[in-house]
Amino acid sequence: MRRWMRWAVIAGLGWIALTILLVLPWRWIPPPTSAFMLREHIVREGTVRYEWARWHDISSHLPIAAVAAEDQKFPDHFGFDFDEIGNALERSRRGGRLRGASTITQQVAKNLYLWPGRNLFRKSLEAYLTVAIELLWPKRRILEVYLNIAEFGPGVFGVTAASRHAFDREPDELTPRQAATLIAVLPNPGGMSAGQPSEYVLRRAGEIQQAVARLGGAAYLRGL
């Protein structure tokens with residue numbers, strides 16, 4: 001029994017050390033790629049456009065648009081929005097489609113390390129990595145990485161490539177409307193375009209701008 005306990009402790013410590021090695025460096029170092037970029041390049045044999053943008057080189061309109069659209073409780077939660085999860089389950093119980101309730105941190109965990117899918121094993125890994133990211137990175141870094149690795153179109157990853165591809169602008173030149181339009185395509189970057197937005201994308205961008213205004217604009221994120 002002692003031997004098994006010793007091996008269990010060693011295995012647990014090894015797992016924690018591996019997690020730290022996988023997660024902690026990106027607190028300071030821009031990730032050179034992500035699991036979703038590798039999937040695009042290797043599995044789909046597509047071209048990946050990706051260039052890192054530092055927080056101060058991103059228009060202040062973009063982070064608040066992402067939070068307003070994707071995760072309004074981002075500054076305050078610890079990786080999970082349990083109210084939204086409960087709402088999603090309630091909608092499903094009433095016969096509605098089960099919609100995702102992933103926070104920005106969960107999306108970072110998925111995009112950076114994992115693969116698409118909803119099976120229990122992948123969701124368990126996502127939850128574990130979400131906790132690790134929240135423990136090891138500050139909130140602003142989480143949002144910075146999210147904006148840099150999110151897919152905004154086929155093979156278009158991060159705000160630098162997205163801004164240039166859609167608007168022929170650098171990410172620090174985006175207007176409030178352009179920022180909202182980029183964020184509007186995130187749920188379906190393969191089927192929607194910020195550069196040639198559909199009526200739905202334009203309407204969604206307007207809704208995001210309204211949500212930004214209700215939160216008080218970029219000042220909402222001042223404490224990150």
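## A nonpolar patch on the surface

Start with helix α1, which covers residues 2-23: it gives the most to a nonpolar patch, contributing seven residues. Keep in mind that this is a predicted model. The patch lies on the surface and is made up of Val9, Leu13, Trp15, Ile16, Leu18, Ile20, Leu22 and Tyr128, which together have about 730 Å² of accessible area.

Take Leu18 as one example. Leu18 sits in helix α1, and with a relative accessible area of 41% it is partly exposed. Trp15 is partly exposed too, at 44%, and so is Tyr128, at 31%.

## Two rings that meet

Trp15 and Tyr128 also turn up in another role. The structure has two aromatic pairs, and Trp15 with Tyr128 is one of them: the rings are 5.7 Å apart, centre to centre, with 40° between their planes, so the pair counts as tilted. Trp15 belongs to helix α1 and Tyr128 to helix α6 (residues 120-136), so this pair ties together parts that lie 113 residues apart in sequence.

Elsewhere, a ring meets a charge instead. The charged end of Lys139 sits over the ring of Phe74, 4.4 Å from the ring's centre.

## A little sheet

Now for the strands. Three of them make an open sheet in the order β1-β3-β2, and the pairing is mixed. At the edges are β1 (49-50) and β2 (151-153), each of which pairs on one side only.

How do β2 and β3 run relative to each other, parallel or antiparallel? They run antiparallel, with two bridges joining β2 to β3 (residues 156-157). If you want to find a bridge for yourself, look at Gly153, whose partner in β3 is Val156.

## Salt bridges

Side chains of opposite charge can pair when their charged atoms come close. There are 10 salt bridges in this structure.

One of them joins Arg44 and Glu40, with the closest N and O atoms 3.0 Å apart. The two partners sit in different settings by accessibility: Arg44 is partly exposed at 45%, whereas Glu40 is buried at 8%. Another salt bridge links Lys73 to Asp81, and here the closest N and O atoms are 3.7 Å apart. Lys73 is partly exposed, with a relative accessible area of 36%, while Asp81 counts as buried at 11%.

## A shared network

Glu170 and Arg164 meet through their side chains in a salt bridge, 3.0 Å from N to O. Glu170 is partly exposed at 32% relative accessible area, and Arg164 is partly exposed at 35%. There's a third member here as well: salt bridges with shared partners join Glu51, Arg164 and Glu170 into one network.

## Apart in sequence, together in space

Which residue lies 9.5 Å from Ala127, C-alpha to C-alpha? That's Thr105, and the two are 22 residues apart in sequence. Ala127 is part of helix α6 and is partly exposed, with a relative accessible area of 27%.

Asp168 gives you another example. Its C-alpha is 9.3 Å from that of Gly195, and 27 residues separate the two in sequence. You'll find Asp168 in the loop between α8 (158-167) and α9 (176-184). Is Asp168 buried or exposed? At 70% relative accessibility, Asp168 is exposed, because anything over 50% counts that way.

Note on methods. Residues are numbered from 1 along each chain as its sequence is written. This is a predicted model: local features need pLDDT of at least 70, side-chain atom pairs count only at pLDDT 80 or more; totals for chains, interfaces and linings use all residues. Side-chain values use heavy atoms; hydrogens and water are left out. Patches are made of residues with over 30% relative accessible area and no salt bridge: like charges are joined within 9 Å, nonpolar side chains (Val, Leu, Ile, Met, Phe, Trp, Tyr) within 5 Å. Accessible areas come from the Shrake-Rupley method with a 1.4 Å probe; for residues, only the protein chains shown count as cover. A salt bridge is a side-chain nitrogen of Lys or Arg within 4 Å of a carboxyl oxygen of Asp or Glu. Helices (H or I, at least four residues) and strands (E, at least two) are DSSP runs, numbered from the N terminus. Buried means under 20% relative accessible area, exposed over 50%, partly exposed in between (1.4 Å probe, protein chains only). Two strands pair if DSSP finds at least two bridges between them. Rings of Phe, Tyr and Trp (its six-membered ring) pair if their centres lie within 6.5 Å; planes under 30 degrees apart count as stacked, over 60 as edge-to-face and the rest as tilted. A charge sits over a ring if NZ of Lys or CZ of Arg is within 6 Å of the ring centre and within 35 degrees of the ring normal.
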